[in-house]
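Colleague: I'm more at home at the bench than with models. Could you show me how to read a few features of this one?

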Amino acid sequence: MVTMSGLVIAMLLAMLDNMIVAPALPTIVGELGGLDHLAWVATGYILASTVSTPIWGKLGDLYGRRIIFISSVVIFLVGSVLCGLSQDMTQLIAFRAIQGLGAGGLMVGVMSIIGEMIPPRDRSKYQGLMMAVMPVAMIGGPLIGGFITDNLDWRWAFYVNLPLGVITLVVCWITLGKLPKGAGKARIDWFGAALLTVWITALVLITSWGGVQYDWGSPQILGLAALTVVAFVAFIVVQRRVAEPIMPLRVFNSLNFNLAGGLAFISGFAMFGAIGFLPQFQQFVQGTSATNSGLLLAPMMVAAMIVSLAGGVLISRTGHYKSLPIAGTILVTVGLLLFASMDVNTSTVMSGVYMAVLGAGMGGLMQTSTLIAQNSIELRDMGAGTGASTFLRNMGSSLGISLLGAVYVNHLTDSLTEAGAGVGAQPLGAAATSMTPKALQALPEAAQHVFQQAVTDGVTALFMWGAIVAAVGIVIALFIRQVPLRGGAAAAIKEAELAEASV
C-alpha cells in the first residue's frame with residue numbers, strides 16, 4: 001500500500017493533464033487560431049504516448065521499473081512547462097508530443113509495476129483502486145481547467161502539473177526502491193521503434209487529413225497509405241528477427257490477449273471522443289462556462305468509478321470477468337447513440353444521463369481489458385505485454401481523436417457554408433477558426449443559432465461514428481474465453497520460478 005501511494009499520485013498526474021486541458025481547448029484554439037488543428041492538440045499528445053508505451057515497457061523489463069518510471073515523470077513535466085510557453089498552435093502541438101512521451105511511461109509504468117507486484121486474482125482490487133483515481137481526476141481536472149480558463153490564463157492549465165509532479169517524483173523515488181533492478185544486458189530495438197513510429201504516424205495523418213486537407217484519392221493520402229503498409233510489414237519482419245523486439249509478437253499468440261487488445265482499442269476510441277469534444281457542445285451550444293462544462297462531466301466519471309470498483313470486487317471474489325466487457329461494450333454503444341441523438345435543445349440534465357450510461361460502460365471495460373491481457377502473458381513479458389495493451393488503447397485514442405476530429409470539422413464547416421451566414425463582411429465559416437465561447441455571445445442571435453446548429457451537427461456525427469466502432473466491441477467481447485485467473489502468493493512465486501527457468 002505504501003508503494004501504491006506513489007502509483008496513485010502518478011496516475012492522478014497522468015489523468016489530470018488531459019482533463020484540465022479539455023475545458024480550455026475552445027479558448028486555446030480561439031486565441032492561437034487554427035480550428036483545423038483542434039484535434040492535433042490532443043492527437044499529438046496521444047500519438048507520442050502511443051508510440052512510446054511499448055518502448056517504456058521494454059525499457060522497464062531491461063533496466064528496472066523505478067529509474068524508467070522516474071524518467072518518464074521528468075519528461076512529462078518538461079513537456080508541461082514547454083506547453084505553457086507556446087506562442088502558436090505548431091509549438092503547442094509539438095510540446096504536447098513531448099508531454100505524451102512522458103505520459104506513455106507513466107501509464108504503462110503504473111500497470112507494469114502493479115502486474116509485477118500482485119497476482120491476477122488479487123490484482124483487480126488494486127486496479128479498481130487505480131480506477132477510483134479516474135473520477136477524482138476527471139471531475140477535479142475539468143473543474144480546475146475551467147476555473148483557470150475563466151479566471152486566470154489558459155497556460156496555467158499546463159503549469160499546474162508541476163507541484164503534483166514534484167510530489168510524484170519524491171514519493172515514487174522513495175517507495176519504488178525495492179523493485180527489481182532489471183537485467184540491463186539486452187539491446188533496445190531502436191529500428192523497430194522507428195518503424196513503429198513511422199506507420200502509426202502515417203496512419204494518423206491519413207485519418208486527420210483525408211477528406212479535409214486532401215482528397216482521399218490525392219497523391220498525398222495514397223502516398224501515406226503506401227508508407228503505412230510498407231512500414232508496418234517491415235516492422236513485423238524486424239520484430240520476428242531481432243533478439244529483443246520492442247513488441248514481442250509472442251504476446252499476440254493468445255486469442256484472449258488479442259481480444260482484450262481490441263477492447264482496449266475501442267475503449268480508447270470512445271473515451272477520448274467523448275471527453276475531447278463534449279466541451280465544444282457544452283460551451284458553444286448549452287452556453288455553460290468552462291468551469292461548469294468540467295462539472296457536467298461528473299456523471300460519466302462517477303458512473304465509471306462505481307462500476308469499476310464493483311467489478312474489481314466481483315472479479316476478486318469469483319474470478320469471473322467475461323460478463324463485464326460484454327455489458328460494458330453494450331452500455332458504451334448505447335451511450336454514444338444517445339449522444340448522437342442530441343440537438344440544440346438538449347438539456348444539461350439529459351446529456352448528464354447520457355454521460356452516466358457511457359461512464360458505466362467505460363467502467364466495465366477499461367480495467368477488465370488490462371486484466372485479461374495481463375492474465376494471458378508470461379510474467380517475463382509483463383512490461384512488454386502491458387505496453388502492447390496500452391499501445392492498442394492509445395492507438396484507439398489517436399485514431400479516434402484524429403478521425404472524429406476530422407468528422408467534426410467537416411460537418412461544422414459544411415453546415416456553416418450551407419447556412420451562408422456571416423460576421424460583418426467575414427463569412428461565419430472563416431470566423432469559426434478563431435471563435436471562442438465569449439466571442440460567440442457577442443454575435444447577433446441569428447448568427448449564434450447558425451453556429452450552434454453547426455457545432456451540434458459536427459458533434460452528433462462524430463458520436464454516431466463512435467457508436468458504430470463501439471458496436472464492433474460487443475462482437476469482440478462475446479468471443480472472450482473465461483480463463484482461470486492466476487492468483488495467490490505461492491502461485492505467483494511458482495510462476496516466476498518457472499518463467500526464470502524457461503529463459
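Modeller: Sure. Start with exposure: a residue counts as buried under 20% relative accessible area, as exposed over 50%, and as partly exposed in between. Keep in mind that this is a predicted model.

Colleague: Okay, let me try that on Ile67. Is Ile67 buried, exposed or partly exposed?

Modeller: Ile67 has a relative accessible area of 41%, so it is partly exposed. You'll find Ile67 in helix α3, residues 65–84.

Colleague: Which residues form a nonpolar patch on the surface with Ile67?

Modeller: To join a patch, a residue needs over 30% relative accessible area, and nonpolar side chains are linked within 5 Å. Here Ile67 teams up with Tyr63, Val166, Val170, Trp173 and Ile174. Together the six put about 590 Å² of accessible area on the surface.

Colleague: And which helix gives the most to that patch?

Modeller: That's helix α7, residues 161–175, with 4 residues in the patch.

Colleague: Let's do the other classes. What about Val41 and Leu222?

Modeller: Use the cut-offs again. Val41 sits at 1% relative accessibility, so it counts as buried, while Leu222 is at 52% and therefore counts as exposed. Val41 belongs to helix α2, residues 38–63, and Leu222 to helix α9.

Colleague: Now helix pairs. How do I read a packing angle?

Modeller: The angle is taken between the N-to-C directions of the two helices, and anything over 145 degrees counts as roughly antiparallel. Take helix α13 (residues 323–340) and helix α14 (residues 348–375): they pack at about 150°, with their axes 7 Å apart. So α13 is roughly antiparallel to α14.

Colleague: Which hand does the crossing of α13 and α14 have?

Modeller: Left-handed. You can try another pair, α8 (residues 190–209) and α9 (residues 219–241), where the angle is about 155° and the axes are 8 Å apart. That angle makes α8 roughly antiparallel to α9. The crossing of α8 and α9 is left-handed too.

Colleague: Last topic: sequence distance against distance in space. How far apart are Val41 and Ile401 on each count?

Modeller: Here you set the count along the chain beside the C-alpha to C-alpha distance. Val41 and Ile401 are 360 residues apart in sequence and 9.8 Å apart in space. For Leu222 and Gly210 the figures are 12 residues and 9.7 Å.

Colleague: Anything like that around the end of α14?

Modeller: Have a look at Gln374 and Ser376. Gln374 is in helix α14, and its C-alpha is 9.9 Å from that of Asn256, 118 residues away along the chain. Ser376 lies in the loop between α14 and α15; Ser376 and Asn258 are also 118 residues apart in sequence, with 9.4 Å between their C-alpha atoms.

Colleague: Then where do Gln374 and Ser376 fall on the exposure scale?

Modeller: Gln374 has a relative accessible area of 1%, so it is buried. Ser376, at 23%, counts as partly exposed.

Definitions and conventions: Residues are numbered from 1 along each chain as its sequence is written. This is a predicted model: local features need pLDDT of at least 70, side-chain atom pairs count only at pLDDT 80 or more; totals for chains, interfaces and linings use all residues. Side-chain values use heavy atoms; hydrogens and water are left out. Patches are made of residues with over 30% relative accessible area and no salt bridge: like charges are joined within 9 Å, nonpolar side chains (Val, Leu, Ile, Met, Phe, Trp, Tyr) within 5 Å. Accessible areas come from the Shrake-Rupley method with a 1.4 Å probe; for residues, only the protein chains shown count as cover. A salt bridge is a side-chain nitrogen of Lys or Arg within 4 Å of a carboxyl oxygen of Asp or Glu. Helices (H or I, at least four residues) and strands (E, at least two) are DSSP runs, numbered from the N terminus. Buried means under 20% relative accessible area, exposed over 50%, partly exposed in between (1.4 Å probe, protein chains only). Axes are lines fitted to C-alpha atoms, for helices over the stretch in contact, and angles run from 0 to 180 degrees between N-to-C directions. Angles under 35 degrees count as roughly parallel, over 145 as roughly antiparallel, 65 to 115 as roughly perpendicular and the rest as oblique. A crossing is left-handed if the near helix is turned anticlockwise from the far one by less than a right angle, and right-handed if clockwise.
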